[in-house]
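Okay, thanks for coming, everyone. Let me put the structure up on the screen, and then I'll talk you through it.

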Amino acid sequence: MKYRWLELIRAAALVCFVFSTQGAAQGTMQNDRADGPFARIAILRPHDGDTIDFEAGYIRHLEFHRQAKDTWTWYGWTIWAGERQRWFVYATFGHSASSLDRPVPPADDERDNISNVTPHAEFVGNALYEYLPALSRGTGVPTPAARLELVTVDVNIGAETKFDAALAAVQSRLQGETLWYRMIAGGAAPRYVRLRPRPNLSAVLDETSAQAVPESLSSLIAKATIEILNLRPTMSYGLSPVRQ
């Protein structure tokens, strides 16, 4: 009888260990998804005259993500004002490096893209960015809002340190949610993007006095573009309700 009790105690301890290990691993995965500084921002250019079929195909592709139980959140925007008018921007935020290693099955994702998206659009950009909290106001995950001001800044090579210092100096004067990211890979470097989610166009225009970068930094910048994007809730995945 004594040995039987010892065996029961050992079995119970083993079960507790297994469940606690699984729980710790799941908690780590959840923290990885929610608390990382990395973002992926990509761009699709719909073929001329094919916008309706592109949007329908992209929505079908999001259904693939749902069926694959994708745990990432995907934003979808259409460029409303800018040289890339009607192009489509999709992005995911708040990742750790390890969570980026756990997408939906890549081969299945590519197969579904070929079926539903690529017949109607061209992939023209895909970059990884790191959120810069010291230069920003908000978190590394944008608030879902009807409008988004997207500023892209190409900084002269070797000027990154001065650029960062100047933005940090004016961080306390930022008005509203203002998020800066530095590109890690995926295009000409050094490149930064600034996101400002706003509930409507008037809120964007009311803040045009808030310069993308201080005028004194013009000598450090090779190129800067400003675009206004419209959030597409039906072409997004996992978003909370849009802020009005």
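I'll start with how far to trust the model, then go through the core, the aromatics, a couple of polar contacts and some backbone oddities.

So, first thing: this is a predicted model. The chain averages a pLDDT of 85, and 82% of the residues score at least 70. The part to be careful with is residues 1–34, where pLDDT stays under 50. For that stretch the model has 14 contacts beyond four places in sequence. Where pLDDT is low, the predicted coordinates should not be read in detail. I'll leave that stretch there.

Right, the core. Nonpolar side chains tend to be buried together in soluble globular proteins. Here, the largest nonpolar core has 22 residues. Which of them touch the most other members? That would be W77, F93 and Y181. As for who contributes, the elements giving two or more residues to this core are β1 (38–46), β2, β3, β4 (121–131), β5 (147–155), β6, β7 and β8 (221–231). There's another core lying apart from that one, with 14 residues, and L135, A159, L220 and I221 are among them.

Let's stay with F93 for a second. If you ignore its neighbours within four places in sequence, F93 is in contact with a long list that includes F38, A39, I41, W77, V141, Y181 and L195. So you can see two other names from the core, W77 and Y181, on that contact list.

On to the aromatics. How many aromatic pairs does a search of the whole structure find? It finds 14. One of them is Y58 with Y90, a tilted pair at 6.2 Å centre to centre with 50° between the planes. Y58 is in helix α2 and Y90 is in strand β3, so this pair ties together parts that are 32 residues apart in sequence. Both of those tyrosines are buried. Then there's F93 again, this time with Y181: also tilted, 5.8 Å centre to centre, 50° between the planes. F93 sits in strand β3 and Y181 in strand β6, so that pair links parts 88 residues apart in sequence. F93 and Y181 are both buried as well.

Going back to Y58 and Y90, they belong to one aromatic cluster along with F54, W72, W74 and F88. And if you like a charge on a ring, look at W80: the charged end of R147 sits over its ring, 4.6 Å from the centre.

Now a couple of polar contacts. Y192 is in strand β7. Buried or exposed? Y192 counts as buried, because its relative accessibility is 0%. Its side chain makes a polar contact with the side chain of D164, at 2.7 Å. Beyond its neighbours within four places in sequence, Y192 is in contact with residues including L132, V151, V153, F163, D164, W180 and Y181. Also, the C-alpha atoms of Y192 and Y131 are separated by 9.8 Å, and those two are 61 residues apart along the chain.

The other one is D154, over in strand β5. D154 has 15% relative accessibility, so it counts as buried, the cut-off being under 20%. What does its side chain pair with? With the side chain of R191, through a polar contact of 2.6 Å. Leaving out neighbours within four places in sequence, D154 is in contact with A188, P190, R191, I221, A222 and K223.

P190 on that list brings me to the backbone. The peptide bond joining A189 and P190 is cis, with omega about 0°. P190 is in the loop between β6 (179–185) and β7 (191–198).

Two more to look at, both with positive phi and neither of them a glycine. K69 has phi near 60°, and it lies in the loop between α2 (51–67) and β2 (75–81). R86 is at about 75°, in the loop between β2 and β3 (88–95). Why do we call these two exposed? Because K69 comes out at 68% relative accessibility and R86 at 60%, and the cut-off for exposed is over 50%.

That's my tour. Happy to rotate the view if anyone wants another look.

Terms used:
Residues are numbered from 1 along each chain as its sequence is written. This is a predicted model: local features need pLDDT of at least 70, side-chain atom pairs count only at pLDDT 80 or more; totals for chains, interfaces and linings use all residues. Side-chain values use heavy atoms; hydrogens and water are left out. Helices (H or I, at least four residues) and strands (E, at least two) are DSSP runs, numbered from the N terminus. Buried means under 20% relative accessible area, exposed over 50%, partly exposed in between (1.4 Å probe, protein chains only). Rings of Phe, Tyr and Trp (its six-membered ring) pair if their centres lie within 6.5 Å; planes under 30 degrees apart count as stacked, over 60 as edge-to-face and the rest as tilted. A charge sits over a ring if NZ of Lys or CZ of Arg is within 6 Å of the ring centre and within 35 degrees of the ring normal. A nonpolar core is a set of buried Ala, Val, Leu, Ile, Met, Phe, Trp, Tyr and Cys residues joined through side-chain atoms within 4.5 Å. Contact means heavy atoms within 4.5 Å. A polar contact is a pair of N or O atoms within 3.5 Å; within protein, one must be able to donate a hydrogen and the other to accept it, and residues adjacent in sequence count only if both atoms are side-chain atoms. pLDDT is the predictor's confidence in each residue, from 0 to 100.
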